[in-house]
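Biologist: I am new to this model and would like a close look at a single part of it, namely the salt bridges. Could you take me through them with care?

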Amino acid sequence: MTDLPLPTVRPSAPPGADGPLVDTFGRIAKDLRVSVTDRCNLRCTYCMPAEGLPWLPKPDMLTDDEMVRLIALFVRLGVRQVRLTGGEPLLRRSLVSLIGRISELDPRPTIAMTTNGVGLERLAAPLKEAGLDRVNVSLDTIDREEFLSLTRRDRLADVEAGLKAAHDAGLTPVKVNAVTMRGVNDADVADLLAWCIERDYELRFIEQMPLDAGHEWQAATMVTAAEIRAELEQRYRLTPLDGRGSAPAERFLIDDGPHTVGIIASVSAPFCAACDRVRLTADGQLRNCLFANSESDLRTPLRAGATDDDLEGIIRGEMWRKARGHGIGSPDFHQPDRPMSAIGG
Ligand code: SAM
Ligand code: SF4
């Protein structure tokens, strides 16, 4: 396993009241991922069990007012992109108005969303109108039987319609996220790429991570980024592009362009050194990493009348505890208790 170099000089001062949201490795949080619900209408095998999960009780969920107050605070602390996710974000009934309120913040953050696309056909245009800038739609296969076996639901046609609606509404570039599973869809990655190129969607493959509710992930069976690339190169010429920055995907020009494809080696070549993310769960818990084994409760103090300064102190403290990397593969790695759907991918 490789890792990017981290800054050698680590800040020694404890988190102060000023400046950006920094951790002890000098990384600055600019990208806030907000899970707006833990519920979902699909049951992807790498994420949820067939029977679903015990959903968060409604009173534990942040209201729109609470969510907007916290997002506004993060924007004041330097966050510049807010990505709404879940669970399935389109299941939050107030999503359109929530996005409208986020778009009124000053400075206005970029607003993105990760969705499974079911229901997007109806919502793409109102979401765009409300202020949504970008969308990532998760789609692992364009084969109906494979889709059914991966998501346990026969909804491929809805996702295809959702993608088209997003493109028509101008939520461009429309990105497609695909997780590759050995023996399920790994032989079809080039077909998925061809399908996306034809429709002007930007495809990114993601290595499967140990975030499944069943704790069944195994390093030995994970399809690696190198394997995905080799499979794509059976059909396409891939030329690596420079300028990755803090973006997790390594991007490649396909043949002579203009289309590109990304491959996110979250496990085999983690991008933790360049991570600029912080996460807020639907029940108001702050996580400094997908793989963090602890979180800071913002909801309880918020409801008890905490001031913005009080909340800022909690947020800075949580960032200060951010680990160097996720540590997947190390002997003391412990998969987080919360599954991906309750953290927000
Ligand atoms: N329901 C929405 C969706 O599927 O896009 C948003 C939430 S989902 C948890 C966010 C992203 O996480 C999706 O692209 C999904 O494919 C990805 N994901 C879920 N479980 C994963 C895992 N074990 N490894 C890698 N990616 C995963
Ligand atoms: Fe739902 Fe997204 Fe998890 Fe699939 S990956 S079960 S769509 S939350």
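Modeller: What follows is a walk through the salt bridges, with a short look at the annotated domain and at one ligand.

This is a predicted model, in which local features need pLDDT of at least 70 and side-chain atom pairs count only at pLDDT 80 or more, while totals for chains, interfaces and linings use all residues. Residues are numbered from 1 along each chain as its sequence is written, chains are lettered from A and ligands numbered from 1 in the order in which they are written, and side-chain values use heavy atoms, with hydrogens and water left out.

The structure holds 21 salt bridges, a salt bridge being a side-chain nitrogen of Lys or Arg within 4 Å of a carboxyl oxygen of Asp or Glu. One of them joins Glu-312 to Arg-76, with the closest N and O atoms 3.8 Å apart. This pair links distant parts of the chain, since Glu-312 sits in helix α9 (residues 308-320) and Arg-76 in helix α1 (residues 64-76), 236 residues apart; helices here are DSSP runs (H or I, at least four residues), as strands are (E, at least two), numbered from the N terminus. Glu-312 also meets the side chain of Arg-316 in a salt bridge of 3.0 Å, N to O, and these two residues both lie in helix α9, four residues apart, about one turn of the helix. Glu-312 counts as buried because its relative accessibility is 7%, where buried means under 20% relative accessible area, exposed over 50% and partly exposed in between (1.4 Å probe, protein chains only). Arg-316 is buried as well.

Another salt bridge pairs Glu-227 with Arg-182, the closest N and O atoms being 2.8 Å apart. Here too distant parts of the chain are linked, with Glu-227 in helix α7 (residues 225-232) and Arg-182 in the loop between β5 (175-179) and α6 (189-199), 45 residues apart. Glu-227 counts as partly exposed, at 34% relative accessibility, and Arg-182 is partly exposed with a relative accessible area of 38%. Elsewhere, Asp-31, Arg-33 and Arg-277 are linked in a network of salt bridges.

For context, an unreviewed UniProt entry lists residues 24-242 as "domain: Radical SAM core"; such positions are given in the numbering used here, feature names are shortened, and annotations may be inferred rather than shown by experiment. The end C-alpha atoms of residues 24-242 lie 28 Å apart, and the span is 33% helix and 17% strand. Around ligand 2 are Cys-40, Leu-42, Cys-44, Cys-47, Gly-87 and Asn-116, each with a heavy atom within 4 Å of it.
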